[in-house]
Structures are given as structure tokens and as C-alpha cells.
Amino acid sequence: MSKGAFQRNILITGGAGFIGSHVVRLFVNNYPEYRIINLDKLTYAGNLQNLTDIEDKPNYTFARGDIRDAEMLAALFRDYSIDSVIHLAAESHVDRSIKDPFTFAETNVMGTLALLETARRSWLPSPGGEIRDEAAPAPLFYHVSTDEVYGELGFDNTLFTEETRYDPHSPYSASKAASDHFVRAYHDTYGLPVVISNCSNNYGPYQFPEKLIPLFINNIRNKKPLPVYGKGENVRDWLYVEDHARAIDLVFHRGKVSETYNIGGFNEWKNIDLIKTMIKVADRILGNPEGTSLELITYVTDRAGHDLRYAIDATKIQKELGWEPSLQFEEGIEKTIRWYLDNLEWLANVTSGDYLHYYEQMYGE
Ligand code: NAD
Ligand code: TYD
């Protein structure tokens, strides 16, 4: 298909990561009329082996690059006539942000700013400059963010809504909050068409095994300790990653410009209860007597600044865009555990670092 033949040219950043790979897959498969350009730096968290099933599709292109590189971005927007961005590239792990906050500010804040500026220069006419082609699709900058920008809740029934005041605590959430603010500032100041969604904790296939669920599945399999921070009483709201990708599809197509949409599973779990549920399911699948892996639970020093509870009120996206989570947690966690145990090669590659060579093998660089 020639360049001009696509209805839209969508830049998805961070498409080789966990959530990004599900979003890329959904868009490439469901919208052959769109060209999807996946821009990813391939940090430790980026893995092109997450996308082997769609890498040969005619509407898919991979570009390796850093979202902070303004020159590269300008060339990409020009060469591919980018008319929309779905921005997921980020440093995403709270524990790493505690050790190395600067990388989080650089990627999540400065990288987002570089993308916003490139979009502004490409899409908005400068005074006296070229008027946009009226026939071209309406541009959109969609920023994918987290519920962690809202801070923490107590053990009551309160939920984060779109009106909750920002109150980030970790360097990760502070950097995401800053990037959300820049996105809104580009709308309010320059008129850039933007939309933001803030989602709760995702789980499912292709998540890097540094995050709770895949780390613990891998450790149960290898009979290694399961490090529970503090007393394991912190609460998270978990959403199956494909349900998040469907929500992103809806917000992209039907979300109102300048609005925010909260996305969550209405599925709160105290960490220790979640861990015991995972152990039960994993032991059953592995053929271990019930409770075998409970002895792997190891309470360790709590994470610094560990947010007590996150919980999302997703009423707005339900009511306005008709989105619902499709999977019950029991079904989702079983599916997820089975996926990791059935994809031992993927797991071995990410834990050994072999996946980092896939780009060179595929693209010969
Ligand atoms: P991830 O860490 O799995 O993937 C991030 C991707 O971004 C990787 O492919 C990495 O190579 C790429 N990347 C990092 N720095 C880059 C740079 N400078 N230039 C280009 N690419 C770069 O993250 P994830 O869990 O898939 O999260 C994706 C997005 O969704 C993030 O913005 C995150 O804040 C947000 N989010 C995540 C969750 C969650 O539970 N994981 C929940 C809500 C929101
Ligand atoms: P994580 O998957 O890192 O996501 P986030 O910090 O963004 O919520 O952690 C989920 C919860 O599990 C969080 O409360 C911290 C806790 N946790 C542990 O107890 N042990 C671990 O080894 C990890 C990685 C997380």
C-alpha cells in the first residue's frame, strides 16, 4: 500500500513494551486502513519479540529511536505524515525510579515535551504559516498515563476520579504527573488537540518480570523467594492489559479533545491476598500439592514512600464511551499464569537478556 493510501498515520511510542505491544497489535490487526509506526528506543523494557505475530503486516513499521531526539521526531513526522500520536513510551517501574530519578525525568518529562513540541510544529499553523490541509484527518495527541499521579487513598471506600487533585509521591508518579501537566499546557496554551487517560495497574502477557505479577510467577516456577514489601497490605486495582488496550482504542476514536478518562478494573486486591491467589492457581497448574509455594513468601523491607492504596472510579469511560472490563480477575489471572508458564522461551529470553539482540537479528544493525 502506498504512503497516501492509509486513512491515518499513527505514531505509537513505546510499542515494544508491555502495554504498548498490546495496543500496537490491536491497532495493526483491527485497522488495516491505518498505518502504525511503532517508535521505541528498546530500553531493557522494550522487546520486539512481543510483536513477532504482526511484524510482517503491511500496515506496520518499526522505528528505533529516543523520544527525546527532536531532529529524529521531526523527520519521522514529515516522512510518515504522522497525524496522531498514542504516547506510551516511558520509564515505568517505581523501584527503578527510586534508584535513578533522573532517567525518569529525562524520558517521561523531557521526552513527552519533545513529542508535544514536534506535534505542535507539525500540526498547528505558525502565524502566517501554512494552513493545514482540510482534507487531512484531525490530529490528536493521546497521552497514556497512570492513576499513580493522584497519590494514595486510605483504607476507605474513596476512589480516584478525574477531578482528584494530583498528589504524586514517587519519582515515577511525579514524572508522569509532570508529563500530564505539559500535555494539558500544550492544549491550553497552543490549542494542541490532546486527550489523556489514567489507568490502574495492568497485568497480562508480555509484562517485564520486574513487576509484581510476572516476577512472582517466574519465582514460583523457579522456587525462588517471593519478596513481599512491608506487610503486604498495600492495595492495587488490577486490570487485564487487553481491556486497557480496548479502552485506549475507544478513547482514541471517541474521547473528547482536552478530556481525561480514568480506566480501572473495579478490582481491588491487597497484595498479600493477590499473592496467595496466584500461588494457589500456579501450584494447581504446576501440579504441586496445594499451598506448596506459600513457603516462598518472604517479607522484606517496605518500598520507600510506598503508596497505600490505589482505586479508580471508571464511571466516566463506562457511561460516556460504553467501556467495560471484559475479564473477571479469576479468569484473567489464570490466563496470565498459564501464558507465562506456556511461554518459557520468552521468559528465558527476557530474564537472560537475549531479547536485546532480536533487533540486530531482525534489522541487521
Ligand atoms: P514498559 O516499561 O513495559 O514499556 C515502556 C516502553 O517504552 C519500552 O518498550 C521502552 O523501550 C520504551 N521507552 C522507554 N524510554 C524510551 C525513550 N526515551 N524513547 C523511546 N522509547 C522508550 O511500560 P508499560 O508498563 O507498558 O507502560 C506503558 C505506559 O503506560 C507508560 O507510559 C506507563 O506510565 C503507562 N501505564 C502503565 C501501567 C502499568 O500497570 N504498567 C498502568 C497505567 C499506565
Ligand atoms: P508493581 O508491580 O511494581 O506496580 P506499582 O508499584 O506501579 O503499583 O507493584 C505492585 C505492588 O506490589 C506494589 O504495592 C508493590 C508490591 N511489590 C511487592 O510487594 N514486591 C515486589 O517484588 C514488587 C515488584 C512489588
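This passage walks through two sheets, one helix, one loop residue and a ligand site in a predicted model.

A good place to begin is the larger framework of strands. Seven strands form an open sheet, and their pairing is parallel. Reading across, the order is β3-β2-β1-β4-β5-β6-β10. The two edges are taken by β3 (60-64) and β10 (260-263); each has a single partner strand, so one side of each is left without a neighbour in the sheet. On average, neighbouring strands here are turned by 20 degrees against each other, direction ignored. Within the sheet, β1 (residues 8-13) and β4 (residues 84-87) run parallel and are joined by 4 bridges. In this pairing, Ile 10 stands opposite Ser 84 of β4. Two helices can be followed onto this sheet. Helix α2 (residues 70-79) packs on it and touches β1, β2 (34-40), β3 and β4. The direction of α2 makes about 170 degrees with that of β2. Helix α7 (residues 241-254) also packs on the sheet, with contacts to β1, β2, β4, β5, β6 and β10. For α7, the angle to the direction of β5 is about 145 degrees.

A second open sheet has 3 strands in the order β7-β9-β11, and its pairing is mixed. Here β7 (201-203) and β11 (268-270) are the edge strands, each pairing on one side only. From one strand to the next, the twist averages 50 degrees. The pairing of β9 (residues 235-240) with β11 is antiparallel and spans 3 bridges. Asp 237 faces Glu 268 of β11 across this pairing, standing opposite that residue. Helix α8 (residues 271-286) packs on the sheet by touching β9 and β11, and its direction makes about 90 degrees with that of β11.

Helix α5 deserves a look of its own. The helix covers residues 171-190, which makes 20 residues. From first C-alpha to last, α5 reaches 28 Å, close to the 28 Å expected at 1.5 Å a residue. Its buried residues are Tyr 172, Ser 173, Ser 175, Lys 176, Ala 177, Ser 179, Asp 180, Val 183 and Tyr 186. An α-helix has 3.6 residues a turn, so residues three or four places apart point the same way. The cover over the buried residues of α5 includes α3 (94-99), α4 (101-123), β5 (140-146) and β6 (194-199). Just after the helix comes Gly 191, with a positive phi of about 80 degrees.

Lys 176 of α5 also leads to a loop residue, Ala 90, which touches Lys 176 along with Thr 107 and Asn 108, leaving aside residues up to four places away in sequence. Ala 90 sits in the loop between β4 and α3. With a relative accessible area of 29%, Ala 90 is partly exposed. Ala 245 is 155 residues from Ala 90 in sequence, and the two C-alpha atoms are 16 Å apart in space.

The ligand site brings some of these residues back into view. Ligand 1 is surrounded by 28 residues, and the closest are Ile 19, Asp 40, Ser 92, Tyr 172 and Lys 176. Ser 92 places a polar side-chain atom 2.7 Å from an oxygen atom of the ligand. A polar backbone atom of Thr 43 is 3.0 Å from an oxygen atom of ligand 1. Asp 66, in turn, has a polar side-chain atom 3.0 Å from a nitrogen atom of the ligand.

Notes. Residues are numbered from 1 along each chain as its sequence is written. Chains are lettered from A and ligands numbered from 1 in the order in which they are written. This is a predicted model: local features need pLDDT of at least 70, side-chain atom pairs count only at pLDDT 80 or more; totals for chains, interfaces and linings use all residues. Side-chain values use heavy atoms; hydrogens and water are left out. The expected span of a helix is 1.5 Å times one less than its number of residues. Buried means under 20% relative accessible area, exposed over 50%, partly exposed in between (1.4 Å probe, protein chains only). Contact means heavy atoms within 4.5 Å. Two strands pair if DSSP finds at least two bridges between them. Axes are lines fitted to C-alpha atoms, for helices over the stretch in contact, and angles run from 0 to 180 degrees between N-to-C directions. A residue is near a molecule or strand if one of its heavy atoms lies within 4 Å of it. A polar contact is a pair of N or O atoms within 3.5 Å; within protein, one must be able to donate a hydrogen and the other to accept it, and residues adjacent in sequence count only if both atoms are side-chain atoms.
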